[in-house]
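Please open the structure in a viewer and keep the sequence panel visible. This tour proposes a series of selections and describes what is found at each.

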Amino acid sequence: MDRKEAVRLCVCRMCPSFVDCGEEIVFCMAVNSKSGCISKEKGCLCPGCPVQDWEGFQHVYYCIRGSEAEQH
Ligand code: SF4
Ligand code: SF4
């Protein structure tokens with residue numbers, strides 16, 4: 001899945017942990033590592049996200065713990 005499509009489908013903005021500081025979403029494929037402003041784990045919507053499913057990703061809290069590649 002290309003990044004543009006992933007940005008369209010990413011549900012981070014609806015997540016209780018999400019803090020909007022103008023960052024690029026799709027933290028599971030983040031190029032510049034973790035979020036600089038999300039730090040409290042208040043739930044994660046990644047399980048059930050179409051990007052997660054399509055890519056076969058298996059981790060959560062990418063914004064805080066790092067991308068799929070970083071968590072492997
Ligand atoms: S798996 Fe999580 S970080 Fe990745 S696109 Fe979906 S909601 Fe966003
Ligand atoms: S990576 Fe998970 S915890 Fe972080 S904002 Fe996206 S859905 Fe929420």
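The tour begins with the whole chain, continues to two loop residues, and ends at the two ligands.

**The whole chain**

Please note at the outset that this is a predicted model. Select the entire chain and display it as a cartoon. The chain contains four helices and zero strands, and along the sequence the pattern reads α-α-α-α. Along the principal axes, the C-alpha atoms fill a box of roughly 25 × 25 × 20 Å. How does the radius of gyration of the chain agree with that of a compact globule? For 72 residues, a compact globule would have a radius of gyration near 11 Å, and the value for the chain, 11 Å, agrees with this.

Colour the chain by accessibility next. Of its 72 residues, 38% count as buried. Among contacts with a separation of 6 or more, 47% are accounted for by residues 24 or more positions apart.

**Two loop residues**

Select Val26, in the loop between α1 (3-9) and α2 (50-55). Its phi is positive, about 60 degrees, although Val26 is not a glycine. Most residues other than glycine have a negative phi. Is Val26 buried or exposed? Val26 counts as buried because its relative accessibility is 2%, and the cut-off for buried is under 20%.

Move on to Tyr61, which is found in the loop between α2 and α3 (62-65). Tyr61 is not a glycine, yet it has a positive phi of about 50 degrees. With a relative accessible area of 13%, Tyr61 is buried.

**Ligand 1**

Select ligand 1 and show the residues around it. These are Cys10, Val11, Cys12, Phe27, Cys28, Cys46, Cys49, Val51 and Gln52. Which kinds of residue make up the shell around ligand 1? Eight are nonpolar, one is polar and none is charged. To see the surrounding space, display the cavities: ligand 1 sits in the largest cavity.

**Ligand 2**

Finally, select ligand 2. The residues around ligand 2 include Tyr61, the buried loop residue visited above. The others in the list are Cys12, Cys15, Ser17, Gly43, Cys44, Leu45, Cys46, Tyr62 and Cys63. The shell around ligand 2 divides into eight nonpolar residues, two polar residues and no charged residues. The space taken by ligand 2 is the largest cavity.

To close the tour, select Cys12 and Cys46. Both residues appear around ligand 1, and both appear around ligand 2.

Notes: Residues numbered from 1 in each chain as written. Chains lettered and ligands numbered in written order. Predicted model: local features only at pLDDT ≥ 70, side-chain atom pairs only at ≥ 80, totals over all residues. Heavy atoms only, no water. Near = heavy atom within 4 Å. 1 Å grid on protein atoms, 1.4 Å probe; cavity = no way out; pocket = protein on both sides within 12 Å on 5 of 7 lines; lining within 4 Å. Sits in = over half its atoms within 2 Å of the grid points. Nonpolar A, V, L, I, M, F, W, Y, C, P; charged D, E, K, R; others polar. Rg over C-alpha atoms; globule rule 2.2 N^0.38 Å. Buried < 20%, exposed > 50% of the residue type's maximum accessible area, 1.4 Å probe, protein only. Contact = heavy atoms within 4.5 Å.
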